[in-house]
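Trainee: Please take a close look at one part of this model, the second largest pocket. What lines the second largest pocket?

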Amino acid sequence: VYVLGAIIVLVVAVAIYVFVFAGDLIKTAVERVGSDATQAEVTLSKVDLDMFQGTGGMQGLIVGNPKGFKSPSAFELGSISMQIDTDTVGKNPVVIKSIAITGPVVTYEKGDGMSNVDAIKANVDAYAKKFASSGGEAKKEETGGEEQKLVIERLTITGGKVKLNAGVLGDKTLDA
């Protein structure tokens with residue numbers, strides 16, 4: 001009885017921890033995996049999550065540039081908010097009712113032979129291949145499972161800015 005009681009208390013404590021600190025766990029995961037995948041520093045200021053309502057948001061997502069590029073970042077997102085249809089979680093397809101991205105800034109920098117965006121894409125592709133070769137793709141084939149689908153009903157992007165930084169411009173950046 002005491003052991004069962006201790007196990008129940010432990011499970012409840014872990015569940016409370018996950019619900020209370022889910023935002024911090026997601027922030028840490030985004031920064032760690034994002035930095036590994038892009039080979040650039042990824043930082044995230046804040047994550048808000050309400051699992052019961054199916055809402056969430058992130059603020060201050062910054063993807064730096066890989067080595068060899070001068071500008072401080074490739075992507076900056078002021079805020080991202082999302083609402084998911086909680087009835088579709090665990091089903092196929094998962095339905096995201098809305099995603100709103102506010103204040104994105106993309107800095108396209110042309111370096112020697114490739115751009116920062118191309119370098120990040122190549123790094124993410126190499127990371128994904130490494131993950132797939134470590135068994136990520138094999139699990140799907142073994143289970144014979146159907147590919148998970150995702151439906152986004154509404155995507156809104158506002159207040160965006162694009163910057164261009166190329167050698168022919170010297171140290172100047174063009175904004176649009």
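Mentor: Here is the pocket, followed by its setting in the chain.

This is a predicted model, where local features need pLDDT of at least 70, side-chain atom pairs count only at pLDDT 80 or more, and totals for chains, interfaces and linings use all residues. Residues are numbered from 1 along each chain as its sequence is written, and side-chain values use heavy atoms, without hydrogens and water.

A pocket is an open set of points on a 1 Å grid over the protein atoms alone, where a 1.4 Å probe fits, with protein on both sides within 12 Å along at least five of seven lines. Lining residues have an atom within 4 Å of a point. The second largest pocket has a volume (space filled by probe spheres set on the points) of about 150 Å³.

Its lining consists of Ile26, Val47, Asp48, Leu49, Gly56, Gly57, Met58, Ile80, Ser81 and Met82. By class, that is 6 nonpolar, 3 polar and 1 charged residues; Gly counts as polar here. Strands E2 (46-50), E3 (55-64) and E4 (73-84) each give at least two lining residues. Strands are DSSP E runs of at least two residues, and helices are H or I runs of at least four.

Now the setting. The protein chain has 2 helices and 9 strands. Their order from the N terminus is α-β-β-β-β-β-α-β-β-β-β. Of its 176 residues, 22% are buried (under 20% relative accessible area, 1.4 Å probe, protein chains only).

Finally, confidence. Mean pLDDT (the predictor's confidence in each residue, from 0 to 100) is 82 for the protein chain, with 79% of residues at 70 or more.

How values were computed
Buried means under 20% relative accessible area, exposed over 50%, partly exposed in between (1.4 Å probe, protein chains only).
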